[in-house]
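Colleague: I've got a model open and keep running into words like "buried" and "core". Could you walk me through what earns each label?

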Amino acid sequence: MGTTGISSSVATGARIAVRLAAVTAGGLALAACSFLDWGFMDGAAKAPPASIDPSPTRTIFSLPRPSIPGLGLGGGPGVMSAAERQCRAALKRRGVQFVDIAPIRDSAACGIDHPVKVSTLARGVALKPAATLNCQAALAAAEWLQEDAGPAARKRYLTGIAEVRNMSSYSCRRIRGSGQWSEHSKGNALDIGSFKLKNGHVIDVSRQGLFAMRARGFLHAARAGACDEFSTVLGPGSDADHADHFHFDLRQRRSGYRHCD
Ligand SMILES: [Zn+2]
């Protein structure tokens with residue numbers, strides 16, 4: 001066992017060394033400071049940054065989060081980083097309809113370097129009205145719709161989701177009752193008020209009656225699943241401000257803590 005343990009830790013060390021070499025090469029080649037941050041910010045034992053591994057799994061763009069809080073994936077205005085481009089490729093693979101829009105810079109606290117305007121979250125699933133988000137948030141929303149909310153609807157209603165009601169996306173504002181800027185001010189958050197199914201049935205996020213078992217089950221599953229993609233999940237019961245919608249965001253916390261309420 002001792003021998004196995006040693007050789008395994010040697011192998012692990014070798015893999016980390018290879019990863020670090022790849023991170024260094026990638027960072028130098030692309031001259032993108034965000035990759036260097038990913039590689040060296042917290043020491044050697046970090047996973048490789050998303051830019052190195054192009055395989056289309058749902059976790060690539062979920063972790064690690066962008067190194068520049070809320071402004072997308074780095075690169076600064078006018079220079080789209082490889083990670084930003086990969087995020088767009090992932091949106092396209094998922095059938096998400098979006099357009100790149102001009103950089104938003106409303107104040108020091110409010111803006112998006114590379115915003116996207118998203119009009120569907122999957123093929124045949126409209127997001128209405130279209131949402132202005134950073135690409136990471138758009139991708140997290142598409143992953144959530146496709147991996148969690150969509151399957152939850154099909155399981156309980158035997159039909160898919162046709163439309164998701166966007167109540168707020170980019171918005172330059174502070175969190176009510178606090179001095180802190182909302183993740184909406186960076187295009188890093190999406191509020192959802194209701195779902196329309198392909199059979200026309202509408203499910204509101206606002207608290208359902210005690211005997212609305214199917215709607216409650218769907219909303220519970222959709223909300224619980226969102227914690228896989230987002231780092232903040234709020235909704236009815238969290239506080240008065242979220243009584244009628246889900247709030248999902250990608251707030252970065254130093255501890256890596258996810259607030260799923
Ligand atoms: Zn919100």
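Modeller: Sure, let's begin with isoleucine 112. Remember that this is a predicted model: local features need pLDDT of at least 70, side-chain atom pairs count only at pLDDT 80 or more, and totals for chains, interfaces and linings use all residues. Residues are numbered from 1 along each chain as its sequence is written.

Colleague: What makes isoleucine 112 buried or exposed?

Modeller: A residue is buried if 20 or more other C-beta atoms (placed from the backbone) lie within 10 Å of its own, exposed if 12 or fewer, and partly exposed in between. Isoleucine 112 has 27 C-beta neighbours inside 10 Å, so it counts as buried. Isoleucine 112 lies in strand β3, residues 111–112. Its C-alpha is 6.3 Å from that of asparagine 134, though the two are 22 residues apart in sequence.

Colleague: Why is β3 called a strand when it covers residues 111–112?

Modeller: Strands are DSSP runs of E with at least two residues, while helices are runs of H or I with at least four, and both are numbered from the N terminus. Residues 111–112 make up β3, so the run reaches the cut-off of at least two. By those rules the protein has five helices and 11 strands.

Colleague: Then what about leucine 158, buried or exposed?

Modeller: Leucine 158 has 9 C-beta neighbours inside 10 Å, so it counts as exposed. Leucine 158 sits in the loop between α4 and β6. There's a backbone quirk too: leucine 158 isn't a glycine, yet its phi is positive, about 60 degrees.

Colleague: Why point that out?

Modeller: Because most residues other than glycine have a negative phi, and most peptide bonds are trans. Another backbone feature is the cis peptide bond between lysine 128 and proline 129, with omega about -15 degrees. Proline 129 lies in strand β5, residues 125–133.

Colleague: How do you know that the length of α4 fits a helix?

Modeller: The expected span is 1.5 Å times one less than the number of residues. For the 23 residues of α4 that gives 33 Å, and the end C-alpha atoms are 30 Å apart, so the two agree. Helix α3 (residues 82–93) has 12 residues and reaches 16 Å, close to the 16 Å expected.

Colleague: And what makes you say that α4 bends?

Modeller: The bend at a residue is the angle between axes fitted to the seven residues ending there and the seven starting there. At leucine 145, α4 bends by about 40 degrees.

Colleague: Which residues of the largest nonpolar core touch the most other members?

Modeller: They are Leu121, Ala138, Ala141, Ala142 and Leu145, out of 47 residues in that core. Helix α4 (residues 135–157) gives the most to the core, with 12 residues. A nonpolar core is a set of buried Ala, Val, Leu, Ile, Met, Phe, Trp, Tyr and Cys residues joined through C-beta atoms within 7 Å. In soluble globular proteins, nonpolar side chains tend to be buried together.

Colleague: What is alanine 152 in contact with, and is it buried or exposed?

Modeller: Two residues are in contact if their C-beta atoms, placed from the backbone, lie within 7 Å. Not counting residues up to four places away in sequence, alanine 152 touches Phe218, Ala221, Ala222 and Gly225. Alanine 152 is in helix α4, and with 21 other C-beta atoms within 10 Å it is buried. Alanine 222 is 70 residues away in sequence, but 6.5 Å away in space, C-alpha to C-alpha.

Colleague: What makes β6 and β7 a pair?

Modeller: Two strands pair if DSSP finds at least two bridges between them. Strand β6 (residues 161–168) and strand β7 (residues 189–197) have six bridges and run antiparallel. Four bridges join β7 to strand β10 (residues 246–249), also antiparallel, with isoleucine 192 opposite phenylalanine 246. Strand β8 (residues 202–204) pairs with β7 over three bridges, again antiparallel, and phenylalanine 195 stands opposite isoleucine 203 in β8. β7 and β8 form a hairpin with four residues between them.

Colleague: Which part should I read with care?

Modeller: Check pLDDT, the predictor's confidence in each residue, from 0 to 100. The protein averages 79, and 70% of the residues score at least 70. Over residues 1–70, though, pLDDT stays under 50.
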